[in-house]
Amino acid sequence: MDTTAPRPEDGTEADGPNVDMATPAYPLDDTLRINHIQCKGTHNSTHIAPEGAAFVPDWNYTHAPLDQQLADLGVRQVELDVHYMGDGSFDVFHVPVVDELTTCRSFVTCLQTIKDWSDLNPQHHILFILVEPKDEYDLDKITGHYDELDAAILSVWPTERVLRPDDVRNGHATLREALESDGWPTLGATRQKAMFIMLDGGEHKTAYLEGHPNLEGRVIFMRGGQGEPTGAILEMNDPVGSLNAINDAALAGYLVRSDADNASDSEQENQAKATAALATGAHFISSDFPGITADSEYFFDVGGETPSRCNPVTAPRECTAEDIE
């Protein structure tokens with residue numbers, strides 16, 4: 001639930017990320033863990049439909065700016081498609097030339113927009129920021145520039161505001177061992193933090209792990225790798241056909257990302273998929289339509305008046321949505 005800083009009685013403006021806030025107490029913060037929640041996410045979160053998108057239905061959706069998604073739509077998972085620009089910096093957009101419109105161009109600017117909102121809302125639960133290397137059609141490849149990618153994140157989000165693989169591994173040999181032994185951190189330990197996840201299970205994953213086989217010193221968690229030492233987050237985007245697999249993975253301690261809809265599907269198909277996704281143990285459910293639009297009756301929401309809710313598969317019985325945010 002979004003919170004705003006109260007205006008001081010002397011008329012001065014509240015300043016800084018840790019001002020006193022009119023926020024609720026969370027008595028289960030030391031009990032509930034980040035895998036006990038289910039939250040709304042967005043797919044290609046800075047996407048703006050290109051001209052002629054009606055002829056490419058998969059691209060026919062436009063997202064609000066990131067801070068509006070967080071503040072007004074209850075989004076707690078975003079996805080940023082990153083491209084290396086050859087000068088140590090990264091841009092965010094979908095596909096060069098043909099689908100390049102974006103609500104924020106620079107990776108660090110996108111991250112700053114998210115952090116600015118976080119600074120004003122220090123009681124939010126952990127944010128999930130998915131980073132997808134998208135260089136198939138780029139001259140400059142991301143391979144070999146992962147240290148710069150980590151550095152770009154930490155230039156905006158300081159270490160103490162990021163949940164890193166080392167934080168979860170916490171002295172264990174591997175992430176998998178840590179999750180099986182200790183589980184994920186609590187909501188209380190991760191409020192006002194962000195967690196970064198790389199959406200690549202191929203060459204970028206392999207290269208990012210070089211010299212860091214257990215993600216030692218790295219900032220970003222990996223997608224995939226079920227049963228592998230670094231396996232922590234899985235992507236299962238067919239909630240209808242993969243319900244049992246999603247639930248089994250959630251119960252085994254993985255965080256699962258799934259889909260609610262697709263811009264190329266009908267409203268009826270999207271509603272059926274969204275309903276199926278909400279019945280699973282998926283932890284962040286990604287949508288092209290996180291809010292009401294003028295030309296569609298369908299939009300995705302987790303329900304209720306809170307941004308997120310208790311995971312229907314993993315959350316303990318005493319959990320309520322108000323305990324989360």
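These legends accompany a set of close-up views of a predicted model. Residues are numbered from 1 along each chain as its sequence is written, and side-chain values use heavy atoms, leaving out hydrogens and water. Because the model is predicted, local features need pLDDT of at least 70 and side-chain atom pairs count only at pLDDT 80 or more, while totals for chains, interfaces and linings use all residues.

**View 1. Helix α3 and its buried face.** Here we meet helix α3, residues 146-154 (helices are DSSP runs of H or I of at least four residues, strands are runs of E of at least two, and both are numbered from the N terminus). Its buried residues are Tyr146, Leu149, Asp150, Ala152 and Ile153 (buried means under 20% relative accessible area, exposed over 50%, partly exposed in between, with a 1.4 Å probe and protein chains only). Seen down the axis of α3, these residues fall within an arc of 160°, so they line one face of the helix (the arc is that of the directions from the helix axis to the C-beta atoms). An α-helix has 3.6 residues a turn, so residues three or four places apart point the same way. The partners that the buried residues of α3 pack against include α2 (107-120), β4 (127-133) and α7 (203-209) (contact means heavy atoms within 4.5 Å).

**View 2. Helix α2 from end to end.** The 14 residues of α2 should span 20 Å at 1.5 Å a residue, and the end C-alpha atoms are 21 Å apart, which agrees (the expected span is 1.5 Å times one less than the number of residues). Among the buried residues of α2 are Phe107, Leu111, Ile114 and Trp117. They belong to a buried set that packs against α1 (66-72), β2 (75-84), β3, β4, α3 and β5.

**View 3. Valine 97, a residue with positive phi.** Although valine 97 is not a glycine, its phi is positive, at about 70°. You will find valine 97 in the loop between β3 and α2. Is valine 97 buried or exposed? Valine 97 is exposed, with a relative accessible area of 74%.

**View 4. Asparagine 170, in another loop.** Asparagine 170 sits in the loop between α4 (165-169) and α5 (175-181). Phi of this residue, which is other than glycine, has a positive value near 45°. Asparagine 170 is exposed, and its relative accessible area is 55%.
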